[in-house]
Amino acid sequence: MQYQIKGETLPVVICNLEAGEKMITEKGSMSWMSPNMLMETSTNGGIGKAFGRMFSGESMFQNIYTAQGGNGTIAFASSFPGSIKAFQISPENEMIFQKSAFLAAEASVQLSMHFQKKLGSGLFGGEGFILQKVSGYGTMFAEFDGHVVEYELQPGQQIVIDTGHLAAMTASCQMDIQTIRGVKNIVFGGEGLFNTVITGPGRVWLQTMPASNVAGALIPYLPKGN
């Protein structure tokens, strides 16, 4: 499989497949394709994995696209202004993503739930108790909100992140929640009660424009019902 990511604020990834190669995606992610791409909707692993994807913010069903009778082309566009990034997944490079980050992947890649080990991370982390874990082999494409900034954390090195800005991290990183100190900071600081703390070693991807922040900024401008 060969691919190109085109566009800036509204990107699309165009994948060129050889005969027999397969791609998986969530419902509605396909933007255009060549006529020899065969689509099959499946739980892709059984009902257990389907429920796992649902609880991690994805659809229970996945669409599997196969190039038939020759090379094929299929494109997947971002659903929100932001970035599309490609990740090479392997047993040595498993990844953890925010909910709804999965866009598409080679069929040899698996998507499952990822539980935070510490209860506080799940209850107060802002992104929920369940994240997405991506494993297996192959190329996976993720969509992030806004631009993406990457950091390489050394063992024990930490970064403090405002809720919602964590886009992805390698499975070697640890996530925890830190309470903002001081009553005045909590009441008047406008930053909420908690921050997310990521501890290395590993790589972290941060997004600059979480969809939840955009929605919150637009609320004062929306018409109010009588």
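**Note on the S135 contacts and the nonpolar cores**

1. Not counting residues up to four places away in sequence, S135 touches I89, E94, S108, V109 and Q110, where contact means heavy atoms within 4.5 Å. S135 belongs to strand β12, residues 130-136, strands being DSSP runs of E of at least two residues, numbered from the N terminus. With a relative accessible area of 14%, S135 is buried, a term that stands for under 20% relative accessible area (1.4 Å probe, protein chains only).

2. This is a predicted model, in which local features need pLDDT of at least 70 and side-chain atom pairs count only at pLDDT 80 or more, while totals for chains, interfaces and linings use all residues. Residues are numbered from 1 along each chain as its sequence is written, and side-chain values use heavy atoms, with hydrogens and water left out.

3. The largest nonpolar core (buried Ala, Val, Leu, Ile, Met, Phe, Trp, Tyr and Cys residues joined through side-chain atoms within 4.5 Å) has 19 residues, of which F87, F97, M140 and F144 touch the most other members. Two or more residues each come from β8 (82-89), β9 (95-97), β10 (102-106), β11 (109-115), β13 (138-145) and β16 (166-170), and β13 gives the largest share, three residues.

4. F97 touches F87, L131, Q132, V134, M140, A142, F144, A167 and A168, again not counting residues up to four places away in sequence. Apart from the largest core lies another, of 14 residues, among them M1, Y65, A67 and I84.

5. As for the cysteines, C15 counts as buried at 0% relative accessibility, and C173 is buried at 4%. The count of disulfides, defined as pairs of cysteine sulfur atoms within 2.5 Å, comes to zero.

Methods: Buried < 20%, exposed > 50% of the residue type's maximum accessible area, 1.4 Å probe, protein only. Helix = DSSP H or I, 4+ residues; strand = E, 2+ residues; numbered from the N terminus.
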